[in-house]
Structures are given as C-alpha cells and as structure tokens.
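Student: I've got a model open and I'd like to go through some of the labels. Can we take them one at a time?

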Amino acid sequence: MSDITGAVLSWLAPRAGEMEALLRRLVDIDSNSFDKAGTDAVGDAIIEVLAADGIAVERIRKQGFGDVLRAEVPGKQANSYALMMGHRDTVFKKGTVATRGYSRDGNLAFGPGVCDMKAGLVANIFALCAIKAAGGLSFPVVALFTADEEIGSPTGRAEIETAARGARAVFNSEPGRVSGNVVTGRKGGGSFHITVKGRAAHSGVNHKDGASAIEALARKIVRLHALTNYDTGITTNVGVIKGGNTHNTVAPWAEAELDLRFVTLEQHARIVPEIEKIVRAEDVPGTSADIKPVAMFLPLELKHSEALFALYKDAAARVGFTVDGEFTGGCADSGFTAALGVPTLCGLGPVGGKAHTDEEFCRLDTLVPRTQALAATICTLT
Ligand SMILES: [Zn+2]
C-alpha cells in the first residue's frame, strides 16, 4: 500500500458521521430532473462542501435543467485524469421531502434518492476531499455532477462525453447492488415515440374508405415484439398505446411508446434500422407512420470494465470487504463513457436498494468502506 493510499484510507475512516450528515442534507432537498431550482440547490450544497476544503468547482450553466458541476483536485504532473461521475436529480416530484424526508432506522437510511444517488454523491465528494487532504496524486482527479440522468441525460450527456474523452478511467457512483456487488456490465436502452396516421371514415356507412391507424399500429407491435431475443439480451416493449376517436370511426391516428434494450453497440447499430423499417412499413394501405427517439443510453460492455474491476477488487480487499461484478438491464451514464472506449466501472456508490420507490434505502455502514475502496482504486491507477 502506497503512503498516499494509506493516508486516504485513514482520512476517510472516521468520517461516517460527517458523511451521514451530508447525505441527510442532500436528501432533504427536492431535486426532480425537471426541477432546475432543486437540482441547482443540491449543486450549491456540493460547491459549499468542496469549497470549504479548498477544491475548485466550475459551474457549467444549463437552461431548463440543473447546471453541470466539474470539481478538480489538480495532479502533480500533467497527466490524463481520473473521472468520478454522479447525478443530482431524482425521479421524485417536488414536495416529496415535506412528506417523506430523510429518516433513519438503525443501519438503514430512507428518503427520496437516498441511494440513487445522493449517497453516491457523498462518496464522490468525500473521495475527492480525501485525495486532496493527502496532497493529491500524480494525475488530476475530476468529479462531474450532472442533473438530468433520470430522464436520459439530455444536457448531461455532452458534458459527460467531453469529460470522458480526457479521462484515463471513469468511476460512476450509482448505488451498489443489494448483494454488495458493483456493476461491470449494463444494457443500453432507448425509448421511442411512434405516431401512426390513418384515414377516418364512418365504420358503418363507408368503412372501406377508412384506413385504420390502430390496425397498422397493432401489426407493427407484433413485429416489434418479435425482435425480443432473451439469448442475445435484446428486448422490445411497447408499454403505452393510444389512438382512435370513437368506436364507430375508423381510427385516423394512433401512438405508442417503445422501450428497447440491448447489450452491445453492434446490436444497437443493427436493431435500430430494423425497428425503423418495421415502423415505416405501410402495413395497412393508406396509413403512414413515423418514429422518433426520445432518449438513448449506450451499454457498458464487460470488456471496458474488466481491468478496473480487478483493481477495485484488490482495493476492496485492503479495505476489508469482498465484492463481485454484476450485470444489470438498467441503463446509466456509464454506458456513454464505456461506448467511447474509456475504462469504466459503475455501481460504486454505497449499497442500497428499492430505488425509484418509497421504500428506497441505503445501508449506512457501507458509506465509509465503499468510499475508501473507490478512492483507493483511483490511487492505484497507473
Ligand atoms: Zn441513478
């Protein structure tokens, strides 16, 4: 163990109380993805904590969504940096804190976004402070705090990709799995909005003059769902449909929301044109259809996480816990960095579960060791 790693681990060891206090503070600020004031208020709290330790934070202004923050502990040499990532937004609506703010029952903490991912923000902040307190590393350590991950990172993605291009490794502190594992593989996924136009007609008087948008959509759904292949990991799901005016009118319109999941970039390149072809086909004469992507996350492929995970496993052993890598069908920002070929590891935050529900929890006894393992892994990067 290098002196710096030892110093970082000892600096973090007695911080459980401080970490929980910051967790409580961040959870008790409503920060839905669409609540710019809320996500910016979480950002202000982060800036205050980092500034108190002399860590500079750049604020990248955004319209409509929360600003992106970039904090940096400079390196002793000009070298590519290590990048930590975290999102400040949650899926919970404004006002949630007033009825269901931070609470604690023994070792478990509750509250909106407590594990996804305010505990991860706390881990990144303390890892940064620990490295700063140890005098910094030979390379810079950067932390990016975005504000719109839960809706597909419409403004965060470009900042994430810019930051990742200059990074030697990326660490995303999404919640650790309930098993205690970290995430070494993630599916990519996208959502699409499908619109179908038909021709209205009275279904009794002149049925044959109509062109049913509902029938066209129904035929497309059957073909879209047939793309699902559990062996390859591709799934398609039309989860919402709407359409038509009355029971006795041939439907002039229909709409659908499609969710797509895939495992590799190669699958993505192949499946999206297939989907577009199915949607644009004129299944029912006189109808037409269009498809627009709403959001898209790229996959974290195992080949981009393997080497970092080996380092992390060693770091965890030094800290005193065993850990494995896990694959998940859920998507996250780590897919964007892995898709650029940058080594990426995810699910490094404190351990928790039931994200996106009222029962969401975080295991407080994991705050310090997970942060220690994260910081120690960064220290051992070569
Ligand atoms: Zn998350």
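Tutor: Sure, and keep in mind that this is a predicted model. Warm-up for you: which residue in β16 is the bridge partner of Gly353?

Student: That's Phe361. But how do you know that β15 and β16 pair?

Tutor: Two strands pair if there are at least two bridges between them. β15 and β16 (residues 361-363) have 2 bridges, in the antiparallel sense, so they meet that cut-off.

Student: What makes β4 and β15 edge strands?

Tutor: The open sheet runs in the order β4-β5-β16-β15. β4 (103-105) and β15 (352-353) each pair on one side only, and that's what earns them the name.

Student: Which helix packs on that sheet?

Tutor: Helix α5 (residues 114-133) does, touching β5 (108-110), β15 and β16. Its direction makes about 40 degrees with that of β16.

Student: Why is Lys354 called partly exposed?

Tutor: Count the neighbours: Lys354 has 15 other C-beta atoms within 10 Å. Buried takes 20 or more and exposed takes 12 or fewer, so a count in between is called partly exposed. Try His356, which is also found in the loop between β15 and β16.

Student: His356 has 13 other C-beta atoms within 10 Å, so it's partly exposed. What is phi in these two residues?

Tutor: Lys354 has a positive phi of about 55 degrees, and for His356 the value is near 70 degrees. Neither is a glycine. Most residues other than glycine have a negative phi, so that's worth a look.

Note on methods: Residues numbered from 1 in each chain as written. Predicted model: local features only at pLDDT ≥ 70, side-chain atom pairs only at ≥ 80, totals over all residues. Helix = DSSP H or I, 4+ residues; strand = E, 2+ residues; numbered from the N terminus. Contact = placed C-beta atoms within 7 Å. Axes fitted to C-alpha atoms, helices over the stretch in contact; angles between N-to-C directions.
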